[in-house]
Amino acid sequence: MSRIAVAGCAALALTACGTSEAGDIPPPTESATATSAPDVRLSPPPGVFEFGSEYRFPTGLVVRVSTPDVFHPSESAYPRSERAAAFGIVLFNDGEQPYRLSNFSVTATVGEQEVKQVVDTTRGYNGIPDADRDIGPGSTVRLTLAFAMSTDRDPVRLTLRPYASTPATAVFRGSV
């Protein structure tokens with residue numbers, strides 16, 4: 001193989017291995033599948049993705065979930081919790097039709113136990129604002145949702161569903 005070809009392959013490999021800061025969520029790319037390259041020995045089951053990756057639903061809705069940001073909720077937060085985790089979620093409509101944000105749902109589980117969403121207006125965690133809004137084709141919406149966590153570092157799964165009436169889900173996992 002010529003030196004030019006070897007150099008080109010090396011440059012391509014180095015470019016493909018870029019990193020980003022924790023919690024930094026660039027807009028989703030136009031991928032056809034989830035994008036993440038976890039260690040094969042630690043690969044999640046099919047249909048389960050690591051925090052920080054993205055998934056494209058067949059309708060064209062692309063979702064990306066950031067790595068969690070653990071925080072102590074304020075005194076005014078509901079429900080009361082010693083610890084919570086916030087997740088940045090980016091929705092990109094790569095479909096041909098508008099997507100109604102009120103159809104989108106997110107649940108979090110620790111182990112097999114579903115945990116409650118935390119509303120902490122002092123810290124800016126207000127659930128899904130403007131839920132009656134449509135996301136037009138080619139448009140992006142960013143949300144930040146928080147969920148109550150135990151005081152221990154636990155495995156967490158976030159289940160995203162674009163429509164309550166369909167079985168389609170994207171499950172993201174990690175530890176908090």
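Me: Which side chain is joined to that of Arg 64 by a polar contact of 2.5 Å?

Reply: This is a predicted model, where local features need pLDDT of at least 70 and side-chain atom pairs count only at pLDDT 80 or more, while totals for chains, interfaces and linings use all residues. Residues are numbered from 1 along each chain as its sequence is written, and side-chain values use heavy atoms, with hydrogens and water left out. A polar contact is a pair of N or O atoms within 3.5 Å; within protein, one must be able to donate a hydrogen and the other to accept it, and residues adjacent in sequence count only if both atoms are side-chain atoms. The partner of Arg 64, at 2.5 Å, is Glu 54.

Me: Is Arg 64 buried or exposed?

Reply: Arg 64 is found in strand β3 (residues 61-65). Buried means under 20% relative accessible area, exposed over 50%, and partly exposed in between (1.4 Å probe, protein chains only). Because its relative accessible area is 10%, Arg 64 is buried.

Me: How many helices and strands does the protein chain have?

Reply: Helices (H or I, at least four residues) and strands (E, at least two) are DSSP runs, numbered from the N terminus. The order begins with α and continues with β elements. The count for the protein chain is 1 helix and 13 strands.

Me: Which residue of β13 is the bridge partner of Val 48?

Reply: Two strands pair if DSSP finds at least two bridges between them. Strand β1 (residues 48-50) pairs with β13 (residues 170-175) in the parallel sense over 3 bridges, and β12 (residues 155-161) pairs with β13 in the antiparallel sense over 6 bridges. On the β12 side, Thr 159 stands opposite Val 171. The β13 partner of Val 48 is Val 171.

Me: Which element gives the most residues to the largest nonpolar core?

Reply: A nonpolar core is a set of buried Ala, Val, Leu, Ile, Met, Phe, Trp, Tyr and Cys residues joined through side-chain atoms within 4.5 Å. The largest one has 29 residues, and those with the most contacts inside it include Val 63, Phe 147 and Leu 160. Two or more residues come from each of β3, β5, β7, β11, β12 and β13. With 5 residues, the element that gives the most is β11.

Me: Where is Asp 130, which has a positive phi?

Reply: Most residues other than glycine have a negative phi. Asp 130 is not a glycine, yet its phi is about 55°. Asp 130 is exposed, with a relative accessible area of 52%. Its place is the loop between β9 (117-118) and β10 (134-135).

Me: What is the omega of the peptide bond from Tyr 78 to Pro 79?

Reply: Most peptide bonds are trans. Pro 79 is found in the loop between β4 (69-71) and β5 (83-93). The bond from Tyr 78 to Pro 79 is cis, with omega near -5°.

Me: In which element of the protein chain is confidence lowest?

Reply: pLDDT is the predictor's confidence in each residue, from 0 to 100; the protein chain averages 80, and 74% of the residues score at least 70. Over residues 1-43 pLDDT stays under 50. Where pLDDT is low, the predicted coordinates should not be read in detail. Confidence is highest in β9, at 98, and lowest, at a mean of 37, in helix α1 (residues 3-16).

Notes:
Contact = heavy atoms within 4.5 Å.
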